[in-house]
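Here is a short briefing on the model shown below. Please read it with the structure open beside the text.

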Amino acid sequence: MSLAAILSYSIVALWLIITLLAQHSRFQPFINAFNALHIIPRWTFFAPHPGVRDYHLVIRDRCNDGRLTGWKSVPVYSPRPRFGYLWNPQKRSSKILNDAVQAIKLLLKRENIGMGEIPFTAPYLLLLYYAAHAVPPDPDAVEFQIAIIESTGHDERTLECSFLSGFHDR
Amino acid sequence: MTTLTEMELAGLDPVIAARKMTSDVSDKYENIVIPIGNAGESQAGDNAGLSGGEGLSLDALMRLRQSALNQRRSGQR
């Protein structure tokens, strides 16, 4: 076996070992520090806590006479393209929005950042911008507000609100 | 993320009112962080040191944030 082959096998074996270690929360902080290029993947989508909630972004307007419109769903997914299983870059936008929702939930749990500070964070601005542009405003709208709704269940969904923004000028 | 049905949307007000009644933010929910992107890496300083913002337009919020971040950068030099 050549020296190049031995070296290649060693690198791949080391990569595999580090990848396996990275799945354990105990080693994650150390490995993340050296994972700037994101070459060490993590597969924790279904374990230890499988996702059983779905997220929904909703928006409503406040009109110049003070009237509130009904809540409207903000469309996040575009129709799946025919060859989406091969190439579907549109999925990135929904992933970014999902990340933004998760980021807001994480920020809400932090003790050193209050509700009043959330509106200046990147995930909040991202959701606000997307919602404001994805849903046409009511003709009389002067302000709008967004909320993150979580649902559980299948046939009869249970809804909970996990975040409610303040009103912002249209 | 999906959309809600018309009936679910029509029944959202009590859901949101229930939210206002509790100071418990989120999680009781599962601690799921999908480790792609920077969702798990939001820093306390992510808000650029600002607070408030209610009533401001999106443009104003972004302008204030950018201005605060610029000031912070110039202060670090």
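At 1.5 Å a residue, the 20 residues of helix H1 (residues 3-22) of chain A should span 28 Å, and the end C-alpha atoms of this helix are indeed 28 Å apart. The expected span used here is 1.5 Å times one less than the number of residues in the helix. Only one of the 20 residues of H1(A) is buried, so this helix lies largely in the open. A residue is called buried if 20 or more other C-beta atoms lie within 10 Å of its own, exposed if 12 or fewer do, and partly exposed in between, with C-beta atoms placed from the backbone.

This is a predicted model, in which local features need pLDDT of at least 70 and side-chain atom pairs count only at pLDDT 80 or more, while totals for chains, interfaces and linings use all residues. Residues are numbered from 1 along each chain as its sequence is written, and chains are lettered from A and ligands numbered from 1 in the order in which they are written.

**Confidence**

- The model scores ipTM 0.71 and pTM 0.73.
- Chain A has an average pLDDT of 86, and 94% of its residues score at least 70; pLDDT is the predictor's confidence in each residue, from 0 to 100.
- Among the elements of chain A, the lowest mean pLDDT (81) belongs to H3(A) and the highest (94) to S2(A).
- Chain B has an average pLDDT of 70, with 58% of the residues at 70 or above.
- Over residues 23-45 of chain B, pLDDT stays under 50, and the model has 39 contacts beyond four places in sequence for this stretch. Two residues are in contact if their C-beta atoms, placed from the backbone, lie within 7 Å.
- Among the elements of chain B, helix H2 (residues 12-21) has the lowest mean pLDDT (80) and helix H1 (residues 6-10) the highest (90).

**Overall layout**

- Chain A has four helices and five strands, in the order α-α-β-β-α-α-β-β-β from the N terminus on. Helices (H or I, at least four residues) and strands (E, at least two) are DSSP runs, numbered from the N terminus.
- The radius of gyration of chain A is 22 Å, whereas a compact globule of 170 residues would have one near 15 Å. This radius is taken over C-alpha atoms, and the globule rule is 2.2 Å times the number of residues to the power 0.38.
- Along the principal axes, the C-alpha atoms of chain A fill a box of roughly 80 × 45 × 30 Å.
- In chain A, 26% of the 170 residues count as buried.
- Chain B has three helices and zero strands, and 10% of its 77 residues count as buried.

**Helix H3 and the core of chain A**

- Helix H3 (residues 91-109) of chain A has 19 residues and reaches 27 Å from its first C-alpha to its last, close to the 27 Å expected.
- The buried residues of H3(A) include A:Leu97, A:Val101, A:Ile104 and A:Leu107.
- Strand S1 (54-63), helix H4 (122-134), strand S3 (141-152) and strand S4 (158-164) of chain A are among what covers them.
- The largest nonpolar core has 29 residues, and those touching the most other members are A:Leu57, A:Val58, A:Ile104, A:Leu127, A:Ala131, A:Ile146 and A:Ile148. The elements giving two or more residues to this core are S1, H3, H4, S3 and S4 of chain A, and H3(A) gives the largest share, six residues.
- A nonpolar core is a set of buried Ala, Val, Leu, Ile, Met, Phe, Trp, Tyr and Cys residues joined through C-beta atoms within 7 Å.

**A strand pair**

- S3(A) and S4(A) run antiparallel and are joined by six bridges; two strands pair if DSSP finds at least two bridges between them.
- A:Thr152 stands opposite A:Thr158 in S4(A).
- Five residues lie between the strands of this hairpin, in which A:Gly153 takes a positive phi near 90°.

**Two loop residues**

- A:Tyr85 sits in the loop between strand S2 (72-73) and H3 of chain A, and is exposed, with 8 other C-beta atoms within 10 Å.
- B:Gly55 lies in the loop between H2 and helix H3 (58-76) of chain B, and counts as exposed with 12 C-beta neighbours inside 10 Å.
- B:Gly55 touches A:Gly166, A:Phe167, A:His168 and A:Asp169.
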